[in-house]
Amino acid sequence: MTVQQIKTADVADIQAAKHAKFPLNMWYVAALSKEVQDKPLGRTLLNHPIVFYRTPSGQVSALEDRCCHRDLPLSLGTIDKDGIRCGYHGLLFDGTGKCIEVPGQSKIPSKAIISAYPVKEQGALIWIWFGSEGNAEPTCEPPTYDVHTDERYLYDGDKYHYQAPYQLIHDNLLDLSHLGYVHLHTIGGNAKLHMNAEMTVEAKGDSVKVVRKMPNSTPPPTYTAAYPFKGNVDRWQEIIFHPSHLEIWTGAVDVNTASLDDPERGGFHLKGFHAVTPETDETCFYIWTQASNPSSQPMESMKLIIDQSAMTFDEDKVVIEAQYANMKRFADKPMIDIHVDVGANRARRIIARLKKQKQA
Amino acid sequence: MTVQQIKTADVADIQAAKHAKFPLNMWYVAALSKEVQDKPLGRTLLNHPIVFYRTPSGQVSALEDRCCHRDLPLSLGTIDKDGIRCGYHGLLFDGTGKCIEVPGQSKIPSKAIISAYPVKEQGALIWIWFGSEGNAEPTCEPPTYDVHTDERYLYDGDKYHYQAPYQLIHDNLLDLSHLGYVHLHTIGGNAKLHMNAEMTVEAKGDSVKVVRKMPNSTPPPTYTAAYPFKGNVDRWQEIIFHPSHLEIWTGAVDVNTASLDDPERGGFHLKGFHAVTPETDETCFYIWTQASNPSSQPMESMKLIIDQSAMTFDEDKVVIEAQYANMKRFADKPMIDIHVDVGANRARRIIARLKKQKQA
Amino acid sequence: MTVQQIKTADVADIQAAKHAKFPLNMWYVAALSKEVQDKPLGRTLLNHPIVFYRTPSGQVSALEDRCCHRDLPLSLGTIDKDGIRCGYHGLLFDGTGKCIEVPGQSKIPSKAIISAYPVKEQGALIWIWFGSEGNAEPTCEPPTYDVHTDERYLYDGDKYHYQAPYQLIHDNLLDLSHLGYVHLHTIGGNAKLHMNAEMTVEAKGDSVKVVRKMPNSTPPPTYTAAYPFKGNVDRWQEIIFHPSHLEIWTGAVDVNTASLDDPERGGFHLKGFHAVTPETDETCFYIWTQASNPSSQPMESMKLIIDQSAMTFDEDKVVIEAQYANMKRFADKPMIDIHVDVGANRARRIIARLKKQKQA
């Protein structure tokens with residue numbers, strides 16, 4: 001194949017990137033369902049360039065983003081009832097990666113096949129399985145997340161691309177003490193309040209749970225707009241880290257009207273789903289939904305909550321990308337830990353263990 | 001020279017690029033004549049940064065794009081009746097690369113000379129000779145192309161810059177079966193028609209000729225706008241590959257009114273000249289003209305033909321650049337050949353042979 | 001510290017850059033005073049990323065631009081009366097680089113300290129000391145520049161970022177013969193006049209002085225707009241190079257009305273201060289002020305002088321950046337010297353000597 005000889009540039013780089021290590025044999029969130037509708041979606045995850053598409057019957061598939069004829073990205077192609085068709089010479093691939101049509105040619109070369117990835121769509125999310133060598137098939141179901149199907153909540157979400165490695169977002173979400181400095185004008189509020197909040201950290205299996213309580217405190221602007229609080233509130237933040245995503249349950253009740261240990265307590269709730277999926281060693285996707293139970297003008301409040309969440313995550317993105325760029329500028333300098341890092345450091349140890357364990 | 005010590009960065013890169021191999025001892029198309037008028041044109045070809053300029057008397061010259069005093073690109077300078085003058089301290093160079101004036105200084109240093117390249121202007125095109133070591137002078141004339149001086153045709157053209165190696169454009173032009181998928185809305189038409197067309201491929205010396213016939217077929221939109229066809233047409237595509245450029249002759253006659261083997265047949269003709277000249281190992285210039293003999297409102301039709309050709313080449317550029325980027329992402333994966341690749345693969349073997357042969 | 005393991009990319013690059021050599025144990029201009037007011041300023045100088053800030057009491061400090069907790073640039077933080085506060089978790093650093101507050105934590109880790117740089121503000125300029133290993137404290141005062149406090153002159157200035165190494169700007173400023181080619185329409189005028197001007201070059205210690213005289217010549221457009229010259233003028237250019245900056249004194253008197261050797265002569269004066277401070281090995285900051293004594297409509301003339309100076313320096317920036325890009329493209333080709341290079345070459349020898357001497 002004479003075409004091959006062109007492909008010499010950057011090979012070493014690409015190969016190096018492909019061998020970068022992330023935990024394998026687990027499900028990652030690939031996209032929100034709403035991102036994969038009538039057009040193919042090209043997205044690199046864990047250094048794998050992948051095309052996601054939905055056939056007219058509704059089935060989502062994930063293939064290597066490459067026609068095996070001349071390497072055109074299939075994400076530039078078109079969706080057919082039986083699969084996805086390349087936009088250069090029309091080769092058609094089914095959901096298993098097999099080429100099932102070469103226009104103008106009756107025999108299909110036996111090597112005309114590309115990689116397929118197991119995917120599963122579940123409650124507004126598309127999950128993808130990354131297995132280790134010889135472990136291509138999923139050995140478990142994707143994590144469940146009931147909030148998206150719970151009628152008590154409205155929700156929406158979005159996808160952000162980050163110029164930073166994915167674990168920096170774990171760090172950020174596991175330490176909400178930054179709210180007072182980074183998000184002063186939305187969900188934050190008083191900085192000292194956050195820094196001094198009572199905090200418990202508990203690790204269990206591959207999860208870490210961080211709970212912070214702020215009794216008898218002033219509700220932040222987003223809260224009072226969405227819910228008719230009478231005055232001060234008892235406020236909580238509960239963060240559960242899983243290797244593929246974090247659940248963040250925050251909210252407040254009127255002061256002294258419920259126990260913050262009662263899982264069925266009332267008041268105002270924000271239930272955030274925060275998936276962080278590596279794109280490359282240095283970049284990632286942050287895919288989030290925010291659910292809530294606003295009682296004052298629910299639709300308007302919900303729009304406000306989503307807008308303010310987006311604004312909040314925009315602020316985080318600026319901070320985290322600047323942090324990573326600076327980590328590279330100061331790569332030889334040590335960092336120091338402070339009290340708020342306990343949860344984040346636990347999560348980093350879990351990821352480190354999974355990387356070793358599951359790639360063996 | 002203390003200035004020299006600054007110039008350490010990127011040297012290895014640049015040197016590596018300069019030794020990249022392209023066929024030498026041949027003429028390449030450098031530019032359309034209309035691109036080199038009253039201002040210098042800086043253009044890198046085969047990894048050589050070159051300035052092209054036309055003196056008031058009309059003579060085109062090509063020099064190394066560098067003043068030998070402090071390395072300012074001469075393409076930022078001004079044209080003088082005797083040559084080109086540097087825009088920093090005013091040194092003047094003639095068409096042989098010799099410095100013939102240093103303002104404020106009577107003696108001109110003997111080393112004040114830069115490289116000159118043989119160029120020849122011929123029928124709307126500027127050709128440049130790249131010789132191998134010790135073979136600086138042309139050993140033949142540039143290829144002829146009579147269409148630009150043939151009164152039966154109107155023509156115009158343009159220059160495109162590609163983020164892709166030049167042979168990917170050869171592949172594209174030698175396989176017009178992509179018309180049905182990439183250019184559906186202009187010169188393409190029915191995809192299956194193209195894929196199933198009778199095709200002959202013939203190699204002779206350094207050329208490859210691909211002929212495809214599509215008898216009794218529906219004319220595509222561009223054709224019917226420019227020519228009063230009565231209904232179905234006998235349509236042809238004839239592609240001749242040369243190492244420096246391709247000639248593509250396409251057209252149609254009313255069905256059964258002429259033999260597609262008669263070189264003097266009537267009907268509607270599109271005569272494309274497609275030069276592809278490497279800029280660097282990974283980039284190139286695509287310099288094209290399109291000639292035609294529209295009979296319905298010739299000027300309007302010609303404008304339409306040029307506009308649609310440009311639109312078509314825009315579509316190709318998107319595909320080819322995406323293809324190359326993806327080739328790098330999937331550098332370790334094999335490609336497979338299909339039936340339409342015969343012509344392109346022949347051309348690749350010719351370039352491979354010329355690279356070996358002429359650099360010896 | 002598990003966070004550290006992320007920081008592997010680009011380390012070699014960064015380390016290489018940090019060991020690049022510039023003269024040390026001297027003061028460089030960091031910024032104009034007006035650049036450091038109520039917001040922190042992040043600026044890399046000599047490959048050191050630094051944050052400059054002014055406390056409410058007016059004191060300017062310069063610290064490593066990095067919170068030692070998680071590497072966020074302090075330049076994204078906020079100014080406090082006692083120092084600068086990180087915008088992520090609120091750590092507060094004083095002007096010596098010591099962390100003096102960790103919100104929510106009573107004990108401050110003893111290693112919570114970052115580098116501080118000696119700075120001194122003096123006559124509209126902020127100077128910074130870069131010492132060699134073990135030589136952190138300044139051993140002398142910053143250079144003085146009296147024009148900014150001389151009531152006879154009005155002045156203003158600006159800061160330019162250059163994609164070129166700093167010594168190329170020295171070259172440019174030490175050889176004003178380029179005025180006739182690069183700045184034809186502002187301060188330049190007749191090219192031959194500049195090239196043929198009588199020139200003396202004198203080196204003394206770490207300084208070089210270039211004097212050019214152009215008696216009985218036509219005043220350039222900027223001059224005649226600002227000053228009521230009667231006709232031809234006796235014009236001068238006096239350039240003094242220092243390792244951190246250049247002083248350029250240009251001007252003119254009516255022909256035969258004063259000696260160009262009389263330091264107290266009248267006429268129209270332009271006194272330029274031109275600091276050039278390396279950012280990285282390949283980039284720099286050009287920080288300039290232009291002072292003058294316009295007699296015709298002083299405020300309007302001054303605005304014109306600053307506008308035309310900026311336009312002039314824009315023209316230089318285009319030339320110098322193109323020059324450097326081309327030096328890299330032609331890194332293997334020699335340059336030749338001409339008569340106008342005497343001053344610039346002397347300055348390069350001084351910098352070369354200082355680099356060796358002061359780093360020992």
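Hi everyone. Two strands count as paired here if DSSP finds at least two bridges between them. With that in hand, let's look at the sheet in chain C, bearing in mind that this is a predicted model.

The sheet is open and has seven strands, in the order β12-β18-β17-β16-β15-β14-β13, and the pairing is antiparallel. Which strands stand at the edges? Those are β12 (154-162) and β13 (198-204) of chain C; each has a single partner strand, so one side of each has no neighbour in the sheet. On average, and ignoring direction, neighbouring strands are turned by 15° against each other.

Let me zoom in on one edge. β13(C) pairs with strand β14 (residues 207-217) of chain C over seven bridges, in the antiparallel sense. In that region, C:A203 stands opposite C:V208 in β14(C).

Now for the helices on this sheet. Helix α2 (residues 167-174) of chain C lies across β12, β14, β15, β16, β17 and β18 of chain C, and runs at about 155° to β15(C). Helix α7 (residues 298-329) of chain C also packs on the sheet, where α7 touches β12 and β18 of chain C, and its direction makes about 20° with that of β12(C).

Let's finish over in chain A, with a helix pair. The axes of α2 (residues 167-174) and α7 (residues 298-329) of chain A come within 11 Å and cross at roughly 130°, which makes α2(A) oblique to α7(A). The crossing is right-handed. Who makes the contact? From α2(A) we have A:L168, A:I169 and A:N172, and from α7(A) we have A:D316, A:I320, A:Q323 and A:Y324. By class, that contact has four nonpolar, two polar and one charged residues.

Thanks, everyone!

Technical notes
Residues numbered from 1 in each chain as written. Chains lettered and ligands numbered in written order. Predicted model: local features only at pLDDT ≥ 70, side-chain atom pairs only at ≥ 80, totals over all residues. Axes fitted to C-alpha atoms, helices over the stretch in contact; angles between N-to-C directions. Helix = DSSP H or I, 4+ residues; strand = E, 2+ residues; numbered from the N terminus. Parallel < 35°, antiparallel > 145°, perpendicular 65-115°, else oblique. Left-handed = near helix turned anticlockwise from the far one by under 90°. Contact = placed C-beta atoms within 7 Å. Nonpolar A, V, L, I, M, F, W, Y, C, P; charged D, E, K, R; others polar.
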